[in-house]
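Q: Here is a structure that I would like to understand in more detail. Please pick up one part of it with me and follow it outwards.

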Amino acid sequence: MIKENVYTSNNYEKMKCIWMASQVIEYKLCDNQFDCENCRFDKVMRNLLNEKETQNTDISNIANTIFNKLQSIKYDNKIIYLKNNLIAKEICNDTFYLGINPILISFLDSVSSLSISDCRKNILTDQQVIQILGEWGSVSLSAPINFIIYDLLDFPIETLLEFQWVAIIGAGNLEVSKGRFFQEEWETMHEKALKTIEEIKSHIPQVGYTMMDGGTQIKFLHQLVGKKRYINILNSMST
């Protein structure tokens with residue numbers, strides 16, 4: 001508590017609450033004899049400040065988690081990287097697992113469902129084969145080659161982020177080679193993904209406080225950057 005009884009002074013500057021003096025709030029004169037330790041307003045303000053600091057830490061963790069996932073992903077010679085965010089792995093002659101590129105999976109959050117074209121169906125190039133839905137909307141993955149779906153792999157949607165294979169398909173090796181994504185192209189895509197999340201990280205303080213002013217608890221990337229930009233990010237990973 002300040003010993004000098006400035007409260008009885010007519011000096012406006014001396015009557016400013018410490019939160020007004022530090023420009024955290026626009027207007028507040030002290031009505032508690034500058035006894036901050038026993039001031040209810042001061043306690044509320046400090047609690048709000050602590051909540052904002054905690055939430056900003058959580059926001060940073062969202063971006064850092066994605067960044068760390070991306071850094072851990074390495075090019076795998078055993079995987080056939082296809083265009084349009086799809087991957088394949090040979091099981092036997094002309095038979096492959098079909099999956100989603102781990103780079104795209106790193107960005108996915110709050111996925112509610114994943115639908116795949118019907119079994120025993122012939123899929124043509126550029127035809128939609130996978131649709132991913134979430135709180136943020138949906139994105140579709142189209143076929144980069146012609147193939148037939150032999151079987152769908154059954155898995156809980158919660159495991160999508162850990163289990164990248166979704167179906168078993170049939171296609172000739174020559175057909176598969178038409179839609180192949182080579183290592184240099186993969187490295188360009190990987191670098192682009194890292195730059196995207198680094199750019200998001202660099203704007204976290206401004207974005208974080210704006211979102212917190214609206215009272216929204218931010219848990220996912222789509223909440224941090226907005227649904228429209230989030231979908232644009234997902235779509236950009238295939239180009």
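The request below concerns one helix, and the answer moves from there to other parts of the chain. Which residues of helix 6 are buried, and which residues on its other side are exposed?

A: Happy to walk through this one with you. Please keep in mind that the model is predicted.

A little background first. The chain has 239 residues, and 43% of them count as buried. Its secondary structure comes to nine helices and nine strands. Of the contacts between residues at least 6 apart in sequence, 61% join residues at least 24 apart. About 13600 Å² of the chain is exposed, with carbon and sulfur atoms supplying 50% of that area.

Now to your helix. Helix 6 spans residues 183-202. With its 20 residues, helix 6 reaches 28 Å from the first C-alpha to the last, which is close to the 28 Å expected at 1.5 Å a residue. Its buried residues are Trp 186, Met 189, His 190, Ala 193, Leu 194, Thr 196, Ile 197 and Ile 200. Looking down the axis of helix 6, you find these buried residues within an arc of 155 degrees, so they line one face of the helix. An α-helix has 3.6 residues a turn, so residues three or four places apart point the same way. On the other side of helix 6, the exposed residues are Glu 184, Thr 188 and Lys 195.

What packs against helix 6? One partner is helix 9, residues 227-236, whose buried residues are Tyr 230, Ile 231, Ile 233 and Leu 234. Seen down the axis of helix 9, the buried residues again fall within an arc of 155 degrees, so they line one face of that helix. The buried residues of helix 9 pack against helix 6, and also against helix 4 (102-107), strand 7 (137-142) and helix 8.

Leu 221 is a handy residue for tying these pieces together. Leu 221 is found in helix 8, which covers residues 221-225. Its relative accessibility is 1%, and therefore Leu 221 counts as buried, since buried means under 20%. Leaving aside residues up to four places away in sequence, Leu 221 touches Ile 197 and Ile 200, along with Ile 62, Ile 66, Phe 107, Asp 109 and Tyr 230. Ile 197 and Ile 200 are among the buried residues of helix 6, while Tyr 230 is one of the buried residues of helix 9. Asp 109 lies 112 residues from Leu 221 in sequence, yet the two C-alpha atoms are 7.1 Å apart in space.

Strand 7, which helix 9 packs against, leads on to a sheet. Three strands form this open sheet, in the order 4-6-7, with antiparallel pairing. Strand 4 (111-116) and strand 7 are its edge strands, each pairing on one side only. On average, neighbouring strands here are turned by 15 degrees against each other, direction ignored. Five bridges join strand 4 to strand 6 (residues 128-134) in the antiparallel sense, and Ser 115 has Gln 131 of strand 6 as its bridge partner.

For the wider setting, there is also an open sheet of six strands, antiparallel and ordered 1-2-3-9-8-5. Strand 1 (80-81) and strand 5 (122-123) stand at its edges with a single partner strand each, so one side of each is left without a neighbour in the sheet. Strand 1 pairs with strand 2 over two bridges, with Ala 88 of strand 2 as the bridge partner of Ile 80. Strand 2 (residues 86-92) is joined to strand 3 by six antiparallel bridges. These two strands form a hairpin with two residues between them, and Asp 94 in the turn has a positive phi of about 65 degrees.

Strand 3 (residues 95-100) pairs in turn with strand 9 over five antiparallel bridges. Gly 99 has a bridge partner in each neighbouring direction of the order: Ile 87 pairs with Gly 99, and Trp 165 of strand 9 is also a bridge partner of Gly 99. Five of the six residues of strand 3 are buried, so strand 3 is largely enclosed by the rest of the structure. Strand 9 (residues 165-170) is mostly covered as well, with six of its six residues buried. Strand 8 (residues 147-152) pairs with strand 9 over four antiparallel bridges, and Asp 151 has Ile 168 as its bridge partner there.

Methods: Residues are numbered from 1 along each chain as its sequence is written. This is a predicted model: local features need pLDDT of at least 70, side-chain atom pairs count only at pLDDT 80 or more; totals for chains, interfaces and linings use all residues. Side-chain values use heavy atoms; hydrogens and water are left out. Buried means under 20% relative accessible area, exposed over 50%, partly exposed in between (1.4 Å probe, protein chains only). Contact means heavy atoms within 4.5 Å. Two strands pair if DSSP finds at least two bridges between them. Accessible areas come from the Shrake-Rupley method with a 1.4 Å probe; for residues, only the protein chains shown count as cover. The arc is that of the directions from the helix axis to the C-beta atoms. Axes are lines fitted to C-alpha atoms, for helices over the stretch in contact, and angles run from 0 to 180 degrees between N-to-C directions. The expected span of a helix is 1.5 Å times one less than its number of residues.
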